[in-house]
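Below are some notes for a colleague who will be looking at the coordinates while reading. They are set out as numbered points, each to be checked against the structure.

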Amino acid sequence: ELLLTPVMTLSLYNAVANDGVMVRPQFVQEVRKKGQLVKKFKPEIVGTSPMISRKTILMAKKMMEGVVLKGTGKALKNSIFQIAGKTGTAQVLVNGSYKDRNKKATYQASFVGYFPADNPKYSCIVIVSAPSTGEYYGAQVAGPVFKDIAEKVYSGSLDLHKEINAL
């Protein structure tokens, strides 16, 4: 087990997507009342310089893209945009043991990443505690949820799409 919360983990992967710049997690972009903007929240950068060398960031990005292109997360591949990320599977300690009375283990499945990989705009983490379908690997359980979220967000983000020229 780790003492990092999912938001802390997401912040780290988000910093990789931002070329080493750490941005404070933000859940609200703006507040509106009856359609009128009341308050807008700007991203807040933590620190003044990239937290990791450019070489290390490029290696991390390449590895995270590789997870989806040909690694454990290859089921997340799609033909429209590329996802970069990392699958995770962990056995969970319950009541001081990794197995219950029936010698069954409890797992946690995760996928954390960002998209589009070539020009990151969004980062996301999906964690499924104690999956009950018989599958428990991050790529099988959390990966499809991440992919669904990414595709929904991508399809609604018109600024990410290339303009189609009229004939």
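1. I would begin with Thr87, which sits in strand 5 (residues 84-92) of what is, throughout, a predicted model. With a relative accessible area of 11%, Thr87 counts as buried, because that value is under the 20% limit.

2. As for the surroundings of Thr87, and leaving out residues up to four places away in sequence, this residue touches Val67, Thr72, Gly73, Ser110, Phe111, Gly138 and Ala139. One of these, Thr72, also shares a polar contact of 2.8 Å with Thr87, made between the two side chains. A further distance that may be useful for checking is that between the C-alpha atoms of Thr87 and Met64, which are 9.5 Å apart although the two residues are separated by 23 residues along the chain.

3. Ser110, which appears among the residues touched by Thr87, belongs to strand 6 (residues 106-115). Is Ser110 buried or exposed? Its relative accessible area is 19%, so Ser110 counts as buried under the 20% limit. Apart from neighbours within four places in sequence, Ser110 is in contact with Lys86, Thr87 and Gly88, and also with Val126, Ile127, Gly138 and Ala142. Gly138 therefore deserves a look from both sides, because heavy atoms within 4.5 Å make a contact, and Gly138 is listed for Thr87 as well as for Ser110.

4. Turning to charged side chains, how many salt bridges does the model contain? The count comes to five, and three of them are described here in the points that follow. As general background, side chains of opposite charge can pair when their charged atoms come close.

5. In the pair formed by Arg54 and Asp19, the closest N and O atoms are 3.2 Å apart. Arg54 lies in helix 2 (residues 54-70), whereas Asp19 lies in the loop between helix 1 (6-17) and strand 1 (22-23), so this salt bridge ties together parts that are 35 residues apart in sequence. Both partners are partly exposed, Arg54 with a relative accessible area of 49% and Asp19 with one of 35%. Arg54 and Asp19 are also joined with Lys61 into one network, through salt bridges that share partners.

6. A second pair to inspect is Glu44 with Arg24, whose side chains meet in a salt bridge at 3.2 Å, N to O. Here distant parts of the chain are linked, 20 residues apart, since Glu44 is found in the loop between strand 3 (36-40) and strand 4 (45-46) and Arg24 in the loop between strand 1 and strand 2. Glu44 counts as partly exposed at 42% relative accessibility, and Arg24 likewise counts as partly exposed at 42%.

7. A third pair consists of Glu30 and Lys40, with their closest N and O atoms 3.5 Å apart. Because Glu30 lies in strand 2 and Lys40 in strand 3, the pair ties together parts that are ten residues apart in sequence. Glu30 is partly exposed, with a relative accessible area of 30%.

8. Finally, which residues make up the nonpolar surface patch of about 530 Å²? They are Val7, Phe27, Val28, Val31, Val38 and Phe41. Among them, Val31 is placed in strand 2 (residues 30-33), and its relative accessible area of 35% makes this residue partly exposed. That value also satisfies the patch criterion, because members need over 30% relative accessible area.

Conventions:
Residues numbered from 1 in each chain as written. Predicted model: local features only at pLDDT ≥ 70, side-chain atom pairs only at ≥ 80, totals over all residues. Heavy atoms only, no water. Patch = residues over 30% accessible without salt bridge, like charges linked within 9 Å, V, L, I, M, F, W, Y side chains within 5 Å. Areas by Shrake-Rupley, 256 points an atom, 1.4 Å probe, with all protein chains shown as cover. Salt bridge = Lys/Arg side-chain N within 4 Å of Asp/Glu carboxyl O. Helix = DSSP H or I, 4+ residues; strand = E, 2+ residues; numbered from the N terminus. Buried < 20%, exposed > 50% of the residue type's maximum accessible area, 1.4 Å probe, protein only. Polar contact = N/O pair within 3.5 Å; in protein donor to acceptor, adjacent residues only side chain to side chain.
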